[in-house]
Amino acid sequence: MITVFWISILLIVYTFIGYGFVLYFLVKVKSLFKKPFAFKAEQILPTVTILIAAYNEEDIILEKVANTLELNYPKDKIQIIFITDGSTDGTADKLKGIKDITLLHQDIRAGKMAAIERAFPFVNNEITVFTDANTFLNIDAITELVKHYQNEKVGAVAGEKRIIIGDTADASSAGEGFYWKYESKLKNWDYALYSNVGAAGELFSIRTALYHPVEADTIIDDHMIAMRIAEKGYIIGYEPKAYAIETASVNIKEELKRKIRIAAGGIQSVLRLKKAANPFRNPVFTFQYISHRVLRWTITPFLLILVFVLNAMIAFNTDIFLYKFIFACQLVFYILSLVGLYFERKNIRIKALFIPYYFCIMNYAVLAGLLRYFGKKQSAAWEKSKRK
């Protein structure tokens, strides 16, 4: 029982904290022997297509168009395509007749992956950039992304996701903002060591020639598109100077809905990305993938429950202070998460208390996502979350 307890707790700590330290150390060691790739200051910019799949985004779509047209990139080298399949509001109507964009619309809604697949015959440029309709890019985002393609080993490049957090942040914005700041650090170090291990749909890009359609029922298509390119032996880059800004989910209920969907897609991707999990193909990439993704999406939430139960049994059946102390720390943490839940419902804003609550919500989402996926209750069609 004690052996299982310590193995479990070490895996939990490694998944959420330890991997960051190990990664940072490995990057420092690598820097002693190998210099990072040197980008040329002057480069011939590649042609770019920006793909934006929008579903019922009439409230924000014209702002997205304006933001996209303002991007600092040669106009003769950029193509902008909006796909509004299945939208039942005025999204498609608002886009009609706008100069410098291509609108693709059909009344049938078959999911985001189907929309992307339908749009690809219209893509005729070297680099394809994917971005969500409800996010806004910094003006130099495309220029910063494409510089990484100077390295022929790079097949995809992800941008950074930034969450707007106000002074009166609730659990959704405080937790999501903290999570993405930490994720950004890990992604930076992942790339410095070898490769990123996925991409978020808010902003990422690929070499168009490497695109291969993923299964029509894919839940998190952005992650799968990038990882399938990595399975071919290419690197997924990361560029924090190219970023997508969006507001947090309107409340924790909406954020939970989004997290459960991602968790269901996560376990689906783990089951399908067999090459990425094979250490004999690329041991460094497999190490990164399992450490950064697989552990979070599979066993870690179960280990949290197991550690709590085992710790309680050991603490009440031994006089060893260490086990009682660890159990007390766990109790305090989970009590703080309950306080965060109470404050969230009472609309009381204390950011520090929302971190334990958000952590618990994240891990609950993984469990719920697993049940939803194996229960065949998760659709590939994007279930839109309300944003602030």
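**Figure 1. E215, D217, R228, E231 and R272 join up in a network of salt bridges in this predicted model.** Let us start with one pair from this group. The side chains of E215 and R272 meet in a salt bridge, with 3.9 Å from N to O. This pair links distant parts of the chain, as E215 and R272 are 57 residues apart. E215 sits in the loop between β7 (203-207) and α7 (221-231), while R272 belongs to helix α8 (residues 252-272). How accessible are the two partners? E215 counts as partly exposed, at 31% relative accessibility. R272 is partly exposed too, with a relative accessible area of 22%.

**Figure 2. R296 and E183 form a salt bridge between two helices.** Here the N to O distance is 2.8 Å. R296 lies in helix α9 (residues 283-297) and E183 in helix α6, so the pair ties together parts that are 113 residues apart in sequence. Is R296 buried or exposed? R296 is buried, with a relative accessible area of 9%. Its partner E183 is buried as well, at a relative accessible area of 0%. One point to keep in mind is the confidence here: helix α6 (residues 171-193) has the lowest in the chain, at a mean pLDDT of 79.

**Figure 3. K96 and D93 meet through their side chains in a salt bridge.** The N to O distance in this view is 3.3 Å. K96 is exposed, with a relative accessible area of 56%. Why can such pairs form at all? Side chains of opposite charge can pair when their charged atoms come close. The count for the model comes to 14 salt bridges.

**Figure 4. Eight strands make up an open sheet with mixed pairing.** To follow the sheet across, read the strands in the order β3-β2-β1-β4-β7-β6-β8-β5. Which strands stand at the edges? They are β3 (102-104) and β5 (136-137). Each has a single partner strand, so one side of each is left without a neighbour in the sheet. Another strand of the sheet, β4 (residues 127-131), has the highest confidence in the chain, at a mean pLDDT of 97.

**Figure 5. Strand β6 (residues 154-164) is mostly covered.** Nine of its 11 residues are buried. What does β6 pair with? With strand β8 (residues 235-247), β6 runs parallel, and 10 bridges join the two. Look for V154, which stands opposite I235 in β8. With β7, strand β6 runs antiparallel, and three bridges join them. In that pairing, V157 has S205 of β7 as its bridge partner.

**Figure 6. Helix α7 lies across β6, β7 and β8.** Now add a helix to the strands of the previous view. The helix runs at about 35° to β7. The end of the loop that holds E215 leads into this helix, as that loop lies between β7 and α7.

**Figure 7. Strands β1 and β2 pair in the parallel sense.** Strand β1 covers residues 48-53 and strand β2 residues 78-83, and six bridges connect them. To find your place, look for A53, which stands opposite I83 in β2. For an overall sense of confidence across these views, the mean pLDDT of the chain is 89. In the predicted model, 92% of the residues reach 70 or more.

Conventions: Residues numbered from 1 in each chain as written. Predicted model: local features only at pLDDT ≥ 70, side-chain atom pairs only at ≥ 80, totals over all residues. Heavy atoms only, no water. pLDDT = per-residue confidence, 0-100. Helix = DSSP H or I, 4+ residues; strand = E, 2+ residues; numbered from the N terminus. Salt bridge = Lys/Arg side-chain N within 4 Å of Asp/Glu carboxyl O. Buried < 20%, exposed > 50% of the residue type's maximum accessible area, 1.4 Å probe, protein only. Pairing = 2+ DSSP bridges. Contact = heavy atoms within 4.5 Å. Axes fitted to C-alpha atoms, helices over the stretch in contact; angles between N-to-C directions.
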